[in-house]
Amino acid sequence: MFANRTSGLTLPGKLVTAARGGIDSARVVWQLVTIVGIVFFVGFALFPLAFMVSGSFKSLGEIYSGAATIIPSSATLDNYRFVLLGNDLVQANYPVNVANSVVVAAMTITITMLVSLPASLIVARQRFWLTTFTAGWSRIAQVVGGIVVIIPLYLVLRQLHLTNNLLGVSLAQSIPGTAFSVWVLTSFVKQIPHELDEAASIDGANTWQILWHIILPLARTGIASVVLIVFLISWNDFLNPVILVRDPKLYTAMVAVFSYMGQEGQNDWGKVLCVSCLNSLVPLLVIILAERYIVRGLMAAAFKG
Amino acid sequence: MRLSAVGMLLPALVVVVGLGLYPIGQSIYLGLTNYRVGGSFGLAPIRFVGLLNFQRLLEDEQFRAGLLLIVGVAFVVVFVTYFLAYLLAALLNQRFPLRRVVRTIVLLPIAMPPLIAGEVWRYLYDPNVGVVNQLLIDLHLETTARYLPLDPTAGVFWIAVVGIWLALPFATLLLLAAIQGVNPDLLEAAAIDGAGPIRRFIHVTFPATRNVLAAILPLSFAGQILAFDVYFALSGSGATGRAGFLMPTMYAFFQLTSGLLGRAAAVGDVLLVVALLAFVISRAISTKDAV
């Protein structure tokens, strides 16, 4: 059952008989190694997530009682109630933060797709200095990003009066978004036979009509991959909003994490972990429900199509 | 045709030039100035100061320590991640019950917000409430609880664990795809010649996937040098406003938020050079099919 992929071969009969004893004991060892390996890697992946979830259901008293257990001794929904509903004294900001994150992600995805879909058709189908330039940039910008870009971009957005503004955050996120999308969509478009656009072109379709009627329907799953990954880039982004936004009313869900730290010295871990769970919920659902799309998109970026 | 092609590229070019190249060009210039905004500085006129910012950075012990730390962390993260990724990819390349579920579970960290990963690991490492210290003390490996990432020698490794946790799924996917691209005839031939799984790996799988690995290592290294969210959270900067350790990205962040834009841009320039070098090295190594 744990057979190695390559050991299901049909070996010449004599060889099999000669080696059978050796192969069988080696196979048992190999199965044991496999089981130990799987337990190790599953444990490593789940260990922080398990403590994140369990901690979010613990009271501050239990967290500071000294015993860090996975199962809370008295599970409570107080952290979630405070974060989502607030209390008599404090209004809950978290729902507003999530709404901001959703608005930013929607704008980032829209900008990114409007910019990269037409560009990827041209980069995939034609070859002159501007397409080479665009393709080269889309590769480099996937590596060079983050703090290197945001320092000067902050100044550009300040001149445009787009700091402290959700659109500014989306524009900043559109840089890695566009770089990734142009690169991946180009490789998806290349998989569509160019005879199709040539036929449409002979029938009198212009480039935009070809994009709309031929490329979009055929690249649908590729586009879905890119949209989901750009969503993750946007939702998970902390650096851009924390630098570009000052007004707490405009904080995204990721920036809001630091509103729940409590007093210096004693972290309010229950609430921090509760917000951590809520912030991770959507990304984790995306990878669980759309694993194939995410993997296909990432691998298309890694291996030239 | 050419004209409409330019029209369709135009929006992308606006993003490339307006939000990409122009700001980076400006950053290279700003790194050579004393540009400051806000706070106690007011609006000082921009003055060209040559390489003064870079000289100050090199003189700053905090910056040097942070640079040294992230280089160490990056090396550990990259090598351990790709070592483990080969093992995990080899495991996932086999048939076993619940294979799809196991695959999804080990891929989970790929979607995690790096900031949250840093926060959660800070909780796990916390000297008062964290499970890691508790385990180490119970196993008599440690006597007193402390914040392990700040340990002068072993800290690098405790920090790297978090980077590895985040980087492992992508590395595994990449190597899994590479391994599945290995010619099965070669593996079969090796098996018939009596090579066990380990020798098949050393003599067939590894050489066949070496190009993919060589091309991704510099990029992965640059990714670590440029990483911000995860190490910002892990250092406790968000909680206390003071950093337990200070990577160059965080150093730039604090310079920027305190209005010292010239100095921040200079750090950005240093990181830009590192990232571009990694990119060039990766391009030089990579073959047509890889990365």
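What pattern does chain A follow when read along the sequence? In this predicted model, the answer is α-α-α-α-α-α-α-α-α-α-α-α-α-α.

**View 1. Chain A is built from helices, with 14 of them and 0 strands.** Follow the backbone and you can check the tally for yourself: 14 helices, 0 strands. Among contacts between residues at least 6 apart in sequence, 73% join residues at least 24 apart. Buried residues account for 43% of the 305 in chain A.

**View 2. The C-alpha atoms of chain A fill a box of roughly 70 × 70 × 30 Å along the principal axes.** For 305 residues, a compact globule would come out with a radius of gyration near 19 Å. Chain A has 26 Å instead.

**View 3. Chain A splits into domain 1 (5-85) and domain 2 (94-302).** Put a point at the C-alpha centre of each domain, and the two points sit 32 Å apart. Where the domains touch, domain 1 of chain A brings 13 residues and domain 2 of chain A brings 12.

**View 4. Now for the side of domain 1 of chain A that touches domain 2 of chain A, where α1 (13-56), α2 (60-63) and α3 (78-85) each supply at least two residues.** The top contributor here is α3(A), with 5 residues. As for chemistry, this side of domain 1 has 8 nonpolar, 4 polar and 1 charged residues.

Technical notes
Residues are numbered from 1 along each chain as its sequence is written. Chains are lettered from A and ligands numbered from 1 in the order in which they are written. This is a predicted model: local features need pLDDT of at least 70, side-chain atom pairs count only at pLDDT 80 or more; totals for chains, interfaces and linings use all residues. Domain bounds come from an automatic or database domain assignment. Two residues are in contact if their C-beta atoms, placed from the backbone, lie within 7 Å. Helices (H or I, at least four residues) and strands (E, at least two) are DSSP runs, numbered from the N terminus. Ala, Val, Leu, Ile, Met, Phe, Trp, Tyr, Cys and Pro count as nonpolar, Asp, Glu, Lys and Arg as charged, and the others, Gly among them, as polar. The radius of gyration is taken over C-alpha atoms; the globule rule is 2.2 Å times the number of residues to the power 0.38. A residue is buried if 20 or more other C-beta atoms lie within 10 Å of its own, exposed if 12 or fewer, and partly exposed in between; C-beta atoms are placed from the backbone.
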